[in-house]
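Student: I've got a protein model open and I'd like to learn how to read it. Could you walk me through some features?

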Amino acid sequence: KLPEGDCGNFYVVSPLQQYMMCQHFIKDSIYGDYFYDVPIKENHLYLFPSWLEHGSRVNKTDGDRITVSFNTSGVAKEMLPPEFVKQVGWLMEVVYILPTAVAIIPYPFHNDIKDIILSEVKEQEENAIKFTANEELKHIQHYSVLANDERYGKFRNWCELQAETYAKEVQGQYIPETVQVTDSWFNVSNTGGFQHQHHHSNSL
C-alpha cells in the first residue's frame, strides 16, 4: 500500500563505495553513483541479491506505507499447478544498476492480496515490533507471515516462482530445484518512517 505523495523510494548502495574512497568525481556518471534510488510502485515485487545493501527513504506523507518482505532459500521442488503458471505468465522487467540487477514484477492478483494484508496489519497492530532508532517503522509477524497457506499460499507460491526465475535466468545461480520463502514480514512505515541501510546474509 502506497499513500499518495512522497512516501519514500526504495534504494540500493554500491558495494564498491568502500574501495573508491580516494576517487572524487566532478561530473555525474555511473562510476560515481554509490546510491541508486528505485521508484516504487504499488502491486510490484522487487527482487535483488541478499548481499546488496538497501533501504527506503523517509515517508513524508500522512499515510502508512506498507510493504511485504521475505528471504529465500533453494529447496527441493514442489510443482505449482500448471494453470497457475499459465495465468501468472512472465512479466519480469530487469533493471541493471550498479554491478547487479534488480527485477521488478507486477503481481497479477493485486486487489485480493492487498485487502488480506491490510486486514492482517490491522489485526496485528498490538503485536508489531517497533524500533527504538526509528519509532515510525514497525514489523508485523516477523518470520511467519507468508507461511499461512490459507491466506498467503497463492501469493507466496508466485513470489517463489519469480525468485527462482530471477536466480536462475537473470543471475545465473545454481539452484538444484526451486526457491522457497524462509522468513517473511510486513513493514509499516508511518509518517517519518524509513528503512535503514542493511542487507540479508541469510537469503539468496
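Tutor: Sure. Let's begin with a cut-off: a residue is called buried when its relative accessible area is under 20%, exposed when it is over 50%, and partly exposed in between. Keep in mind that this is a predicted model.

Student: Okay, let me try that. Is glutamate 160 buried or exposed?

Tutor: Glutamate 160 has a relative accessible area of 12%, so it is buried. Arginine 156 comes out at 14%, so that residue is buried as well.

Student: Which residue does arginine 156 form a salt bridge with?

Tutor: To read a salt bridge, look for a side-chain nitrogen of Lys or Arg within 4 Å of a carboxyl oxygen of Asp or Glu. Arginine 156 pairs with glutamate 160, and their closest N and O atoms are 3.9 Å apart.

Student: Why are arginine 156 and glutamate 160 separated by about one helical turn?

Tutor: Here's the general idea: an α-helix has 3.6 residues a turn, so residues three or four places apart point the same way. Now the case here: arginine 156 and glutamate 160 are 4 residues apart in helix H3, which covers residues 149-170, so about one helical turn separates them.

Student: What else can I read from H3?

Tutor: Follow its axis and you'll find a kink of about 30°, centred on phenylalanine 155. Then look at the N-terminal end of H3, where asparagine 148 acts as a cap: one of its side-chain oxygens lies 3.2 Å from the backbone nitrogen of glutamate 150. After H3 comes glycine 172, with a positive phi near 75°.

Student: Back to salt bridges. How many are there?

Tutor: The count is 8 salt bridges. One of them joins lysine 114 to glutamate 42, with 3.1 Å between the closest N and O atoms. Lysine 114 sits in helix H2 (residues 110-123) and glutamate 42 in the loop between strands S2 and S3, so this pair ties together parts that are 72 residues apart in sequence.

Student: Are those two buried or exposed?

Tutor: Neither label fits. Lysine 114, at 24% relative accessibility, is partly exposed, and glutamate 42 is partly exposed at 27%.

Student: What about lysine 138?

Tutor: Lysine 138 forms a salt bridge with glutamate 125, the closest N and O atoms being 2.5 Å apart. Lysine 138 is in strand S9 (residues 134-140), while glutamate 125 is in the loop between H2 and strand S8, 13 residues apart. Their accessibility is worth reading too: lysine 138 is buried at 8%, whereas glutamate 125 is partly exposed at 40%. You can also look for networks, such as the salt bridges that link Glu120, Glu123 and Arg151.

Student: Now strands. What should I know about side chains there?

Tutor: In a regular strand, side chains alternate between the two faces of the sheet. Histidine 139 is one to look at, as a residue of strand S9. Histidine 139 is buried, at 11% relative accessibility. Its side chain makes a polar contact with the side chain of asparagine 187, at 2.9 Å. Beyond its neighbours within four places in sequence, histidine 139 is in contact with residues including Ala128, Phe131 and Trp185.

Student: And how does S3 run relative to S7?

Tutor: S3 and S7 run antiparallel, joined by 4 bridges. For instance, histidine 44 has proline 106 in S7 as its bridge partner. S7 itself (residues 100-106) is mostly covered, with 6 of its 7 residues buried.

Note on methods. Residues are numbered from 1 along each chain as its sequence is written. This is a predicted model: local features need pLDDT of at least 70, side-chain atom pairs count only at pLDDT 80 or more; totals for chains, interfaces and linings use all residues. Side-chain values use heavy atoms; hydrogens and water are left out. Helices (H or I, at least four residues) and strands (E, at least two) are DSSP runs, numbered from the N terminus. Buried means under 20% relative accessible area, exposed over 50%, partly exposed in between (1.4 Å probe, protein chains only). The bend at a residue is the angle between axes fitted to the seven residues ending there and the seven starting there. A polar contact is a pair of N or O atoms within 3.5 Å; within protein, one must be able to donate a hydrogen and the other to accept it, and residues adjacent in sequence count only if both atoms are side-chain atoms. Two strands pair if DSSP finds at least two bridges between them. Contact means heavy atoms within 4.5 Å.
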